[in-house]
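Colleague: I should like to learn how the features of this model are read. Please take them in turn, beginning with the nonpolar core.

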Amino acid sequence: MTHSSDDRPNRYTYRDAGVDIDAGNALVRAIAPLARATARAGADASLGGFGGFFDPKAAGFKDPLLVAANDGVGTKLKIAIETGKHDTVGIDLVAMCVNDLIVQGAEPLFFLDYFATGKLELKEAEAVIAGIAKGCEMSGAALIGGETAEMPGMYAEGDYDLAGFSVGAVERDAVLPRPDVGAGDVLLGLASSGVHSNGFSLVRRLLSDHKIGFDAPFPGGSGETVGDVLLTPTRIYVKQLLTAMKATDGIKALVHITGGGFTENVPRVLPDNIAADIDGASWSQPPVFKWLAELGGIDNAEMGRTFNCGIGMVVVVDAQSADEVTAALEAQGETVSRIGTLRKGETGEVVITGQLGSAT
């Protein structure tokens with residue numbers, strides 16, 4: 001016996017299963033102006049198509065190589081979720097991708113995001129994506145698309161995850177690191193804004209073990225909570241470095257200091273038989289790092305392997321150009337420290353002396 005559609009006992013809907021198509025459409029309408037605000041030469045940054053176009057020629061490139069990067073924010077998202085402060089993790093997401101592009105010498109062209117959650121909360125999602133759009137504006141990338149996935153049963157209530165994807169371009173003769181990186185080059189460090197987006201599993205463990213809430217006042221601060229300090233967004237170095245690279249020919253390589261710190265990241269740009277010496281006492285670090293080190297009894301080596309310790313980007317420069325590059329970056333608002341040099345030695349060796357970030 002067959003049933004007509006009218007006398008079936010159950011009438012299932014996608015909404016009943018936990019997926020609200022109307023909410024997804026409302027989100028697209030809400031974020032469309034955010035995306036339009038990131039439009040740049042080569043992209044109109046409109047949403048709604050099946051894919052986003054970009055024209056490198058319209059962006060001024062003659063013989064470009066494309067460079068792609070993707071990343072996430074890690075467990076820093078848990079702090080945003082638990083504090084209800086969702087407007088900065090999007091900046092972190094963009095920063096983690098575009099800072100990886102600039103170290104290849106590439107200018108970020110466009111960005112796409114992936115936002116996944118169990119139940120789509122419009123205001124929360126819009127705040128996250130507003131942060132993504134802000135990060136795109138800060139780095140000059142057009143937000144040309146993304147995916148919002150509502151997946152009941154995949155995430156705990158209130159949880160969401162973020163991933164980002166960015167593509168940049170660099171003229172073929174301007175790729176970094178340059179082949180002339182070598183002994184005698186100087187290492188400049190650009191100050192970080194805080195913890196950035198690495199080491200948060202350890203941060204959260206420390207706070208849990210010491211029963212410190214995110215709403216607790218940050219010790220020695222000026223009224224900020226612990227959550228405020230930890231959610232300080234990752235610094236985006238893109239436009240400052242692009243300007244400096246146009247102003248001087250002295251920049252040979254760049255290193256984005258993320259997970260693994262100096263010892264894991266600096267060797268990525270070192271040629272064979274070149275080592276790095278870093279003076280940990282040559283810069284000062286944000287107070288959050290000393291607080292974390294004291295809270296966990298974490299030694300210098302472990303801090304340097306887990307956190308950026310106050311340096312978010314390392315710039316390898318020709319010694320004769322160090323002052324010129326420093327001036328160009330300071331003119332762009334960067335805090336620059338001369339933190340070390342390269343020498344002949346064991347390939348990829350990084351020797352750190354002094355307490356990291358202990359300069360006063």
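Modeller: In soluble globular proteins, nonpolar side chains tend to be buried together. A nonpolar core is here a set of buried Ala, Val, Leu, Ile, Met, Phe, Trp, Tyr and Cys residues joined through side-chain atoms within 4.5 Å; buried means under 20% relative accessible area, exposed over 50%, and partly exposed in between (1.4 Å probe, protein chains only). The largest such core has 89 residues, and Leu230, Phe262 and Val315 touch the most other members. Helix α3 (residues 89–102) gives the most to this core, namely eight residues. A second, separate core has ten residues, among them Ala43, Phe54, Leu109 and Val167. Helices (H or I, at least four residues) and strands (E, at least two) are DSSP runs, numbered from the N terminus.

Colleague: On what basis were these values obtained?

Modeller: The model is predicted: local features need pLDDT of at least 70 and side-chain atom pairs count only at pLDDT 80 or more, while totals for chains, interfaces and linings use all residues. Residues are numbered from 1 along each chain as its sequence is written, and side-chain values use heavy atoms, with hydrogens and water left out.

Colleague: Which residues is leucine 230 in contact with, leaving aside its neighbours within four places in sequence?

Modeller: Contact means heavy atoms within 4.5 Å. By that criterion, leucine 230 is in contact with Lys76, Ile79, Val195, Phe200, Val203, Leu207, Phe214 and Val288.

Colleague: How should the order of strands in the open sheet be read, and which are the edge strands?

Modeller: Strands of a sheet pair through backbone hydrogen bonds, either parallel or antiparallel. Two strands are taken to pair if DSSP finds at least two bridges between them. The open sheet has four strands in the order β1-β4-β2-β3, with mixed pairing. Its edge strands, β1 (64–72) and β3 (142–150), each pair on one side only. Strand β2 (residues 107–117) runs parallel to β3, and eight bridges join them. Within β3, glycine 146 is the bridge partner of aspartate 113.

Colleague: What are the partners of strand β5, and is this strand mostly covered or uncovered?

Modeller: Strand β5 (residues 186–191) is mostly covered, with five of its six residues buried. Six bridges pair β5 with strand β8 (residues 311–317) in the antiparallel sense, and valine 186 stands opposite valine 317 in β8. Strand β9 (residues 336–344) is also antiparallel to β5, through five bridges; here leucine 190 stands opposite valine 336.

Colleague: How many salt bridges does a search of the whole structure find, and what does the pair of arginine 40 and glutamate 107 tie together?

Modeller: A salt bridge is a side-chain nitrogen of Lys or Arg within 4 Å of a carboxyl oxygen of Asp or Glu. The search finds 14 of them. In the salt bridge of arginine 40 with glutamate 107, the closest N and O atoms are 2.8 Å apart. Arginine 40 lies in the loop between α1 (21–36) and β1, and glutamate 107 in strand β2, so the pair ties together parts that are 67 residues apart in sequence. Arginine 40 counts as buried, at 17% relative accessibility.

Colleague: Which residues are linked in a network of salt bridges?

Modeller: The network links Arg178, Asp180, Asp185, Asp249 and Lys252. Within it, the side chains of arginine 178 and aspartate 180 meet at 3.0 Å, N to O. Arginine 178 is partly exposed at 23% relative accessibility, and aspartate 180 is partly exposed with a relative accessible area of 37%.
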